[in-house]
Amino acid sequence: MKLLVAGQGAFGVKHLEALANIDGVEVVSLVGGSPGTTQEVAEKFKIPHWSTDLAEGLAQPGVEAAILTTPTQMHAAQGIQCMRAGKHVMIEIPMADNLADSERLVQVQQQTGVIAMAGHTRRFNPSHQWVHNKIKAGELNIQQMDVQTYFFRRSNMNALGKARSWTDHLLWHHACHTVDLFQHQTGQTASVARGVQGPIHPELNIAMDMSIQMKVPSGAICTLSLSFNNNGPLGTFFRYICDNGTYIARYDDLVDGYEKPIDVSKVAVSMNGIELQDREFISAIREGREPNASLAQCLPAMQTLDRIEQSLV
């Protein structure tokens, strides 16, 4: 299967590394935002074609699918461009930075019939899959998810500490992970969803701190704290408080409430959530089925984010 990857930044590289572990796939084109770095990454991963023009990349012989790891503000338009070109597409989280564009993406997927997936990696991290499997087996019920998403990012930097050309967003990007995961793990859409935000940064024009509360009809609640001001350990940490134990997930790792490690090595064929996400995308294309984290499945998260945005004070 011949793929195109769009985005030469930190997450583009993560996907290229993951795809290198999957048999039967070949990245034949890399589309980036700047010629110098795009060429550099293409040469590093031995990708035969690179460009700064998405249409040129999509036109390369044999390209079946695209993975978009471009700036958030480009996701909707590029996703639609790929689908209209008849290509399957995975759009890194978030699929868009507003509800209207998210709904438009789902409409175009339904019109074209291509496989279209959002990059909601938390669904695929072995740690969260372990909890999900316990819930499906009737062994756990979530009482509360307590989540902290913390960064120290007072200027535009990416995950590699390099300057980025676009502005990140606590609600539409980082909260999207947790909003979708909470609804995915409980199997319900939030009946209560609200938030408060701190001061708006004078230059970045975004809130640097945010607090979100959600509740689903079963009674389970989620408390989410987000910050770009945290000068300490960085990342997202999930505490599952359940009726039958407490579990703390740190990306692909899981411990219980007493920090005792839980072996999740046999949950899936890899311990890398991004690789598992990419494997699901490729398998869905080969099998002609709806993938886990399809655009349609992830739309309720975008609807909840829209409700939270309307509530922000």
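This is a dialogue about reading helix packing, burial and backbone geometry in a predicted model.

Visitor: Where should I begin with helix packing, and at what angle do α1 and α8 pack?

Guide: One begins with the angle and the separation of the two axes, and for helix α1 (residues 10-19) and helix α8 (residues 273-287) the angle is about 70°, with the axes 9 Å apart. Because angles of 65 to 115 degrees count as roughly perpendicular, α1 is described as roughly perpendicular to α8. The crossing of these two helices, α1 and α8, is right-handed.

Visitor: Which residues of α1 and α8 meet?

Guide: From α1 the participants are Phe11, Lys14, His15, Ala18 and Leu19, and they meet Ile274, Glu275, Gln277, Asp278 and Ile282 in α8. Sorted by class, this contact of α1 with α8 has 5 nonpolar, 2 polar and 3 charged residues.

Visitor: How do the axes of α7 and α9 cross?

Guide: The axes of α7 and α9 cross at roughly 120° and come within 9 Å, which makes α7 oblique to α9. The crossing of α7 and α9 is right-handed. On the α7 side the contact is made by Leu171, Trp172, Ala175, Cys176, Val179, Asp180 and Gln183, while α9 supplies Cys298, Pro300, Ala301, Met302, Thr304, Leu305, Asp306, Ile308 and Glu309. By class, the residues in the contact of α7 with α9 divide into 11 nonpolar, 2 polar and 3 charged.

Visitor: Is aspartate 180 buried or exposed, and what does its side chain contact?

Guide: Burial is read from the relative accessible area, and a residue is called buried when that value is under 20%. Aspartate 180, placed in helix α7 (residues 170-186), has a relative accessible area of 3% and is therefore buried. Its side chain makes a polar contact with the side chain of histidine 120, at 3.0 Å. Once neighbours within four places in sequence are left aside, aspartate 180 is in contact with His120, Arg123, Cys298 and Ala301.

Visitor: How would one read a whole helix in this way, and how many residues of α4 are buried?

Guide: For a helix one counts its buried residues, and helix α4 (residues 75-84) is mostly covered, with 7 of its 10 residues buried. Those buried residues are His75, Ala76, Gln78, Gly79, Ile80, Cys82 and Met83. They pack against helices α3 (54-58), α5 (99-112) and α9 (295-311), as well as strands β4 (63-68), β5 (88-92) and β6 (116-119). Just after α4, glycine 86 takes a positive phi of about 80°.

Visitor: Where else does a positive phi appear, and what is the phi of glutamate 259?

Guide: Glutamate 259, although not a glycine, has a positive phi of about 70°, and this residue lies in the loop between β13 (253-256) and α8. With a relative accessible area of 42%, glutamate 259 is partly exposed. Alanine 293, in the loop between α8 and α9, also has a positive phi, near 75°, but alanine 293 is buried, with a relative accessible area of 0%.

Visitor: Which residues does a cis peptide bond join?

Guide: Here the angle to read is omega, which is about -5° at the cis peptide bond joining isoleucine 93 and proline 94. Proline 94 is found in the loop between β5 and α5.

Visitor: How should I read a single residue in a strand, and what does the side chain of serine 51 reach?

Guide: One can take its place, its burial and its contacts in turn. Serine 51 is found in strand β3 (residues 49-51) and is buried, with a relative accessible area of 5%. Its side chain reaches the backbone nitrogen of aspartate 53 at 2.9 Å. Not counting residues up to four places away in sequence, serine 51 touches Leu30, Val31, Gly32, Thr38 and Glu56.

Visitor: Is proline 199 buried or exposed?

Guide: Proline 199, in the loop between β8 (192-197) and β9 (209-215), is exposed, with a relative accessible area of 67%. Beyond residues up to four places away in sequence, proline 199 touches Ile206, Ala207 and Met208. Its C-alpha atom is separated by 26 Å from that of isoleucine 221, 22 residues apart along the chain.

Terms used. Residues numbered from 1 in each chain as written. Heavy atoms only, no water. Axes fitted to C-alpha atoms, helices over the stretch in contact; angles between N-to-C directions. Helix = DSSP H or I, 4+ residues; strand = E, 2+ residues; numbered from the N terminus. Parallel < 35°, antiparallel > 145°, perpendicular 65-115°, else oblique. Left-handed = near helix turned anticlockwise from the far one by under 90°. Contact = heavy atoms within 4.5 Å. Nonpolar A, V, L, I, M, F, W, Y, C, P; charged D, E, K, R; others polar. Buried < 20%, exposed > 50% of the residue type's maximum accessible area, 1.4 Å probe, protein only. Polar contact = N/O pair within 3.5 Å; in protein donor to acceptor, adjacent residues only side chain to side chain.
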